[in-house]
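Thanks, everyone, for making the time. I would like to walk through one helix pair and one sheet, so please keep the model open while I talk.

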Amino acid sequence: MAKWVYTFGDGKAEGESGMRDLLGGKGANLAEMSNLGLPVPPGFTLPTAVCTYFYDHDRSYPPELEAEVSAALDYVGKLTGKVFGDPSNPLLVSVRSGARASMPGMMDTVLNLGLNDTTVEAVARSANDRRFAYDSYRRFITMYSDVVLGVEHHSFEEALDLYKDRKGYSLDTDLDADDWVQLIARYKQIVVSELGRPFPQDPHEQLWGAIGAVFGSWMNARAIKYRELNAIPASWGTAVNIQAMVFGNMGDTSATGVAFTRNPSTGERALYGEFLINAQGEDVVAGIRTPQDITEAAKLAAGSTKPSMEAAMPEAYAELVRIYGILERHYRDMQDMEFTVEKGKLWMLQTRGGKRTAKAALRIAVDLAAEGLITKEEAVNRIEPASLDQLLHPTIDPSAERKVLATGLPASPGAASGEVVFSSEAAETARKAGRKVILVRIETSPEDIHGMHAAEGILTTRGGMTSHAAVVARGMGKPCVSGAGSIRVDYARQTFSIGGTTVKAGEVVTIDGGTGEVLHGSVRMRQPELSGEFATLMEWADAARTMKVRTNADTPRDAETARKYGAEGIGLCRTEHMFFEGDRIVAVREMILADDEAGRRAALAKLLPYQRGDFVALFTIMKGLPVTIRLLDPPLHEFLPHTDKEIEEVAAQTGVSTEKLKRRATELHEFNPMLGFRGCRLAIAYPEIAEMQARAVFEAALEAGAQTGEAVVPEIMVPLIVTKTEFDIVKARIDAMAQAVSAETGKTLAYQVGTMIELPRACLMAGEIAQTAEFFSFGTNDLTQTALGISRDDAATFLGPYTAKGILPADPFVTIDQEGVGELVRMGVERGRAVRPDLKLGICGEHGGDPASVRFCNEVGLDYVSCSPYRVPIARLAAAQAAIGGKVASSA
């Protein structure tokens with residue numbers, strides 16, 4: 001019989017941390033903390049299985065659930081000495097979501113559930129604090145109405161602001177119990193006017209309404225968007241946690257806060273966080289009040305005048321320090337903790353692996369390994385490869401002039417410049433138009449997730465270092481400045497102002513997430529230097545991986561960048577990219593326009609020194625590392641002019657009539673160029689092109705070898721092969737050119753000739769092709785297009801709905817389609833190596849820098865992956881994790 005409820009509290013629990021998939025992250029960790037004997041308010045979890053049932057059965061519940069929930073409420077009541085729904089001794093509870101993957105702020109929460117017009121008086125008597133009771137009741141009405149009843153939060157905020165203005169109050173804490181009584185009456189009127197029915201008074205009706213709302217929030221727009229951005233499957237579902245309330249709003253001996261066991265921005269080993277005295281948890285994360293620092297050191301560093309928790313609540317602070325040590329040692333990772341202090345007693349409400357920047361993740365992983373809590377291999381596995389992108393973002397050049405407009409909190413590192421926008425919709429529109437923007441908000445909410453994703457950086461005037469904006473920006477790797485309280489935002493006028501300066505929408509500002517500064521205009525940036533913990537962890541990664549990582553590079557700058565990031569050679573040099581520079585394009589066009597082979601060879605002779613110089617530069621930079629040079633691939637019409645103005649200019653440059661240019665362009669026109677006259681087909685029709693390129697390669701190899709003292713063994717790659725005969729024809733021309741250069745120079749040439757496997761037939765015929773090809777490089781961009789029948793340039797119009805509906809698990813041009821394209825790759829590997837066991841195998845499509853695709857490449861036994869220079873560190877780390885994972889799997 002299925003179990004639908006799991007209890008925790010009083011030093012024991014029916015669950016534990018290993019049950020994350022069933023209990024969600026929050027429920028599993030609450031159970032674990034209970035089992036550790038930590039102070040956790042008792043409660044129970046409705047597992048993700050209930051969420052699955054809920055959506056599979058038209059939003060209804062298992063028939064046994066109501067009885068199990070009732071029994072669990074009795075269990076919690078016995079531990080607390082209270083009774084849920086009792087008018088004189090009521091148990092109040094919180095209802096929170098808890099998916100297996102952390103989704104901060106994406107789903108709904110309800111606090112103080114169980115309050116009504118009767119129980120609020122019982123709570124006031126029990127606490128001997130009428131103001132606290134009615135403050136809690138107004139919070140409950142606001143939150144429940146918003147989350148469950150659909151009455152928007154701002155309706156109540158407007159009523160509160162009007163009341164405070166009328167009374168001359170500035171802070172919520174200025175209101176006394178009688179003020180809250182009057183406002184609660186107004187709040188209930190708002191509910192009636194919006195819904196036509198009163199606010200529910202039955203605690204059981206309240207509870208089931210809240211449970212339904214939390215399960216329902218799994219499919220709200222912001223949660224769907226977050227899952228889309230973070231590759232979280234909708235099928236996972238969420239759990240619901242119902243827990244006895246503890247109150248941080250019971251006066252100056254009570255508080256609520258969020259703390260990290262290490263700094264989530266830098267990784268420094270120091271308690272980091274914020275708290276608010278006389279507040280509830282939502283006040284901290286929502287950014288409604290700017291909170292106080294937990295430690296005295298952090299307070300001094302921030303220049304704050306408000307007391308730290310260490311000074312204001314020394315006993316609770318000492319208990320927090322004790323518990324954070326226990327939790328970090330137990331979980332062997334940096335923890336993100338939520339806590340409440342009720343009348344001086346500390347209660348733990350949550351712990352989870354804390355979200356952190358890539359910089360912090362590296363330092364934390366390396367430090368934990370140094371402290372002996374984890375192994376080096378575990379440290380390598382702790383870093384999400386794609387997160388290394390964060391380290392490659394620019395920062396502000398220290399020598400650049402800074403026109404500081406305002407200073408807030410350095411909530412997420414990095415720097416960005418862009419036009420000011422004031423809404424997420426404007427940010428998304430601007431991004432689609434190719435414009436970079438900074439999203440400026442008073443405070444962000446989960447509804448802003450799409451705008452934050454679209455923006456280069458985020459600036460808020462409210463909120464602290466653990467506000468929604470800060471946490472989400474760090475997770476996205478975007479710079480963020482929060483709590484810039486001197487800025488006044490006017491959404492109606494689309495401006496923000498600081499003192500006498502006004503900045504309008506569309507004007508450019510720069511934010512520095514490392515210092516908290518907001519700067520006027522665009523500021524000069526500096527590229528980051530990868531060292532310290534990055535170098536240490538990558539050294540561990542390189543020791544673990546078995547696959548090599550090369551780069552796709554066509555220019556010396558690309559090659560140098562890739563070498564800096566650890567590339568072990570060039571896996572793809574697209575020679576056509578070299579043809580567009582300066583005088584070269586003129587010679588290329590002369591070649592295309594020539595009437596015979598002699599004319600083509602004359603034009604190609606002009607290109608030869610350029611090509612040779614290009615290859616010398618690449619070989620010299622790589623100093624003996626392998627370099628794979630692909631022969632000319634794209635159709636020739638790409639090099640010809642298209643507009644009348646361009647045709648006239650080219651005619652003047654080449655001395656050819658405009659009529660001949662137009663005629664030649666018409667002759668070369670193709671209805672589907674991707675499948676047309678390109679690749680090896682060019683080398684077969686015009687072998688002189690391949691001969692010129694091969695000569696340039698061989699002459700450059702000898703010259704670079706002499707300069708560097710390192711033998712150069714070039715790899716020449718023939719593109720778009722579908723038959724062995726095609727390959728053999730082109731290879732014969734390459735071999736003949738090698739013999740000619742060797743005869744001319746008196747030097748022996750070492751080289752390899754292989755092919756790009758980028759068509760399904762080539763995968764099928766891989767065994768035959770491998771009889772003469774010395775290496776394969778899978779060109780998965782074109783292989784994906786031809787296997788799936790999808791044009792990469794046109795796919796954006798329908799791939800979104802395809803992935804959203806689960807037809808495809810991911811964009812196949814980002815992550816390799818393992819079932820289809822992957823099966824073709826696997827077939828090519830197996831058939832090729834069956835004929836030539838030492839066949840060198842690699843991949844040079846965009847998938848070479850995608851972590852999931854790199855894992856697949858390791859699994860099928862490729863020797864290397866090749867990717868863009870800035871993705872080389874990502875591929876190195878992903879390859880290491882694939883090797884470690886394979887080792888773990890083989891020993892399991």
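I will begin with how the values were obtained, then take the helices, and then the sheet.

This is a predicted model, in which local features need pLDDT of at least 70 and side-chain atom pairs count only at pLDDT 80 or more, while totals for chains, interfaces and linings use all residues. Residues are numbered from 1 along each chain as its sequence is written, and side-chain values use heavy atoms, with hydrogens and water left out.

Helix H5, residues 130–149, packs with helix H7, residues 177–195, at an angle of about 20°, their axes being 8 Å apart; helices here are DSSP runs of H or I with at least four residues, and strands are runs of E with at least two, and axes are lines fitted to C-alpha atoms, for helices over the stretch in contact, with angles from 0 to 180 degrees between N-to-C directions. That angle makes H5 roughly parallel to H7, a label for angles under 35 degrees. Among the residues that meet, with contact meaning heavy atoms within 4.5 Å, are Tyr-134 and Ile-141 in H5 and Trp-180 and Ile-184 in H7.

Turning to the sheet, five strands form an open, antiparallel arrangement in the order E9-E8-E7-E10-E11, where two strands pair if DSSP finds at least two bridges between them. Strands E9 (292–293) and E11 (345–353) stand at the edges with a single partner strand each, so one side of each lacks a neighbour in the sheet. Strand E10, residues 335–342, pairs with E11 in the antiparallel sense over eight bridges, and Asp-336 stands opposite Arg-352 in E11. Finally, helix H13, residues 314–331, lies across E7, E10 and E11, running at about 30° to E11.

Notes:
Angles under 35 degrees count as roughly parallel, over 145 as roughly antiparallel, 65 to 115 as roughly perpendicular and the rest as oblique.
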